[in-house]
Amino acid sequence: MPTLTDITEEIRLAARAFGEFGAGLISPTVRLGVTGLSGAGKTVFITALVHHLLHGGRLPVFEALAGGRIARARLEPQPDDAVPRFDYEAHLRALTQERRWPESTTRISELRLAIDYQPAKSRRNRTLTLDIVDYPGEWLLDLPLLTTSYAQWSAETLRLSRSGPRALLAAPWHKQLATLDPTKAADEQAALQSARLFTAYLNACRNERYAMRLLPPGRFLMPGDLAGSPALTFAPLELPNGEAPAGSLWAMMERRYESYKDVVVRPFYREHFARLDRQIVLVDALAAFNAGPDAVKDLEGALAAILGSFRTGRASIVSALFRPRIDRILFAATKADHLHHANHDRLERVLSRITERAIGRAKFAGAQIDVVALAAVRATREATVARGRDKLQAIIGTPLAGESIGGQSFDGATEVAAFPGDLPDDPDALFAPFKGLTAADETDYRFLRFRPPLTERMDGAPILPHIRLDRALQFLLGDRLA
Ligand SMILES: Nc1nc2c(ncn2[C@@H]2O[C@H](COP(=O)(O)OP(=O)(O)O)[C@@H](O)[C@H]2O)c(=O)[nH]1
Ligand SMILES: [Mg+2]
């Protein structure tokens, strides 16, 4: 049975969709969501994408641009006044003038581009409006809450927190939990302390290198301007069957859980998620491969959870009026420039395998899905280095100041050759026990982070090297510029 909130929500969504449908008739618009967990490479990806659209660039696979059919792209004022603008200019300046990676951001932001192009089969010029929305992947994982009750969420969250390595991280919170009786009178201090310990547990899971999979509520990790508000002051409880007694701790937690959905999850769903047409999910897969098979399995779990969010998005608001919009999803393994090009196909194959399994687990169907290994900004070059009789495939780049490996530390100005090693040819090898990647050299440079590249200029604009950014663009936008 849909609740009154569901129905109100549907009416709002329908009104919004209708309004945008009308606007879309006048000027076709694509809303592209860019997401991924913190550090996956969203800011760098968007900066590179926008830069290539504005200034052209070497993008042979992106057919509209390579074929000379894009006359011009320009930045335009964004449609949503309440959302911060994606600070393209500052990020580009950081990358090209200061040769440093942009500051990390934890908020949603948005940018609008208008692309004047000529369709392949017509002489009349058209304009495609592209809205790019950058939002934390942590928020996406909240969507399943819309169809989960407080009791269900409590039970599931507690079950997970008692399994595997998580149990250890959850110990302080579990200890406090054992002292609480959910049916006794509500106690603000107990709720505060419980929420604090529960949040500490979530943070510990995130920081633990082997446990990448995140749990809702995402805003507990990325609170933004809601930090400290009651909607964020709840935690799971060990609940008996039945209903919450009036005035109990249980009732208070349940009410706050529901307001979290009202204040945080539904507005995100309505204002942002439900309006997306296309989605790219960025994944730092190399970090997982470096960590070992557990992290690879975890990554699969995270992708399944993300696909589950898209499915919930489709199913939770049952309406004939509200058409599910996202029709293409691209999973992209970022930072492929850490590998020699011989390994880019392998990286894609591994991500495909993980994605296939995640699709199976999430029982996801509906949108077209593709997978790519890319580097939005390529920080390395390739070379073959002779070592005795061997020829080793190396990548060359400038490690960030302060990076160090094997006792050697770098000043941020010196180039080095690194030997990243090979991914296995058979993707399944990454699910079997393995000891990280096998490096070709006993010095292991895999964790080196490089500075952005020195850029050359063309017609006054810096040229940003990339790997397979054009493939991503073709999948995400190609048909809309055909
Ligand atoms: N070498 C390389 N590093 C990258 C690339 N994209 C991102 N990074 C690294 O990953 C970090 C996080 O990227 P960022 O875009 O800020 O991630 P976000 O948190 O998802 O927005 C950056 O500071 C870089 O160190 C890339 O294309 N190549
Ligand atoms: Mg960012």
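Visitor: How do the residues of the shell around ligand 1 divide?
Guide: The model is predicted. Eight shell residues are nonpolar, five are polar and four are charged.

Visitor: Which residues around ligand 1 are the closest?
Guide: The closest are Gly39, Lys42, Thr43, Val44 and Asp337, out of 17 that surround the ligand. To count here, a residue needs a heavy atom within 4 Å.

Visitor: What makes threonine 43 a polar contact of ligand 1?
Guide: The cut-off is 3.5 Å between N or O atoms. A polar side-chain atom of threonine 43 lies 2.8 Å from an oxygen atom of the ligand, so the pair is a polar contact. Lysine 335 also qualifies, with a side-chain N or O atom 3.0 Å from a ligand oxygen. At valine 377 the backbone is involved: one of its N or O atoms lies 3.0 Å from a nitrogen atom of ligand 1.

Visitor: How much of the accessible area of ligand 1 does the protein cover?
Guide: On its own, ligand 1 has 570 Å². The protein covers 93% of that.

Visitor: Lysine 335 came up above. Why is lysine 335 called partly exposed?
Guide: Its relative accessible area is 26%. Buried means under 20% and exposed means over 50%. The value falls in between, so lysine 335 is partly exposed. This residue is found in the loop between strand S6 (328-333) and helix H12 (344-362). Its phi is positive, near 60°, though the residue is not a glycine.

Visitor: Where does arginine 468 lie?
Guide: In the loop between strand S14 (461-462) and helix H13 (469-477). Arginine 468 has a positive phi of about 60°, again without being a glycine.

Visitor: Why does arginine 468 count as buried?
Guide: Its relative accessibility is 19%. The limit is under 20%, so the residue counts as buried.

Visitor: How is a pair of aromatic rings described?
Guide: By the distance of the centres and the angle of the planes. The count here comes to 17 aromatic pairs. One of them joins tryptophan 153 and phenylalanine 198.

Visitor: What makes tryptophan 153 and phenylalanine 198 edge-to-face?
Guide: The centres are 5.8 Å apart, and the planes meet at 85°. Pairing requires centres within 6.5 Å, and edge-to-face requires over 60 degrees. Both conditions hold, so the pair is edge-to-face. The pair links distant parts of the chain, 45 residues apart: tryptophan 153 is in helix H6 (150-161), phenylalanine 198 in helix H8 (188-207). Both residues are buried.

Visitor: Why is the pair of tyrosine 269 and phenylalanine 273 called tilted?
Guide: The planes stand at 40°, with the centres 5.9 Å apart. Stacked needs under 30 degrees and edge-to-face over 60, so this pair is tilted. Tyrosine 269 and phenylalanine 273 are both buried.

Visitor: Which residues form one aromatic cluster?
Guide: Among them are Tyr150, Trp153, Trp173, Phe198 and Tyr201. Phe220, Phe234, Tyr257 and Tyr260 also belong to it.

Visitor: How do you know that arginine 219 lies over the face of tryptophan 139?
Guide: The distance to the ring centre is 3.6 Å. The limit is 6 Å, with CZ also within 35 degrees of the ring normal. Arginine 328 lies over the face of phenylalanine 475, at 5.2 Å from the ring centre.

Visitor: Why does lysine 121 count as exposed?
Guide: Its relative accessibility is 84%, and exposed means over 50%, so the label fits. Lysine 121 lies in the loop between strand S3 (109-117) and strand S4 (126-134). Its C-alpha is 8.0 Å from that of alanine 482, at a sequence separation of 361 residues.

Visitor: Why does glutamine 78 count as buried?
Guide: Relative accessibility is 16%, and the limit is under 20%, so glutamine 78 is buried. It sits in the loop between strand S2 (70-76) and helix H4 (88-96).

Visitor: What does the side chain of glutamine 78 reach at 2.6 Å?
Guide: The backbone oxygen of valine 83. A polar atom of the glutamine 78 side chain also lies 2.9 Å from the backbone oxygen of aspartate 80.

Visitor: Why is glutamate 89 called partly exposed?
Guide: Its relative accessible area is 32%, between the 20% and 50% limits, so it is partly exposed. Glutamate 89 is in helix H4. Its side chain makes a polar contact of 2.9 Å with the side chain of arginine 85.

Notes. Residues are numbered from 1 along each chain as its sequence is written. Chains are lettered from A and ligands numbered from 1 in the order in which they are written. This is a predicted model: local features need pLDDT of at least 70, side-chain atom pairs count only at pLDDT 80 or more; totals for chains, interfaces and linings use all residues. Side-chain values use heavy atoms; hydrogens and water are left out. A polar contact is a pair of N or O atoms within 3.5 Å; within protein, one must be able to donate a hydrogen and the other to accept it, and residues adjacent in sequence count only if both atoms are side-chain atoms. Accessible areas come from the Shrake-Rupley method with a 1.4 Å probe; for residues, only the protein chains shown count as cover. Ala, Val, Leu, Ile, Met, Phe, Trp, Tyr, Cys and Pro count as nonpolar, Asp, Glu, Lys and Arg as charged, and the others, Gly among them, as polar. Rings of Phe, Tyr and Trp (its six-membered ring) pair if their centres lie within 6.5 Å; planes under 30 degrees apart count as stacked, over 60 as edge-to-face and the rest as tilted. Helices (H or I, at least four residues) and strands (E, at least two) are DSSP runs, numbered from the N terminus. Buried means under 20% relative accessible area, exposed over 50%, partly exposed in between (1.4 Å probe, protein chains only).
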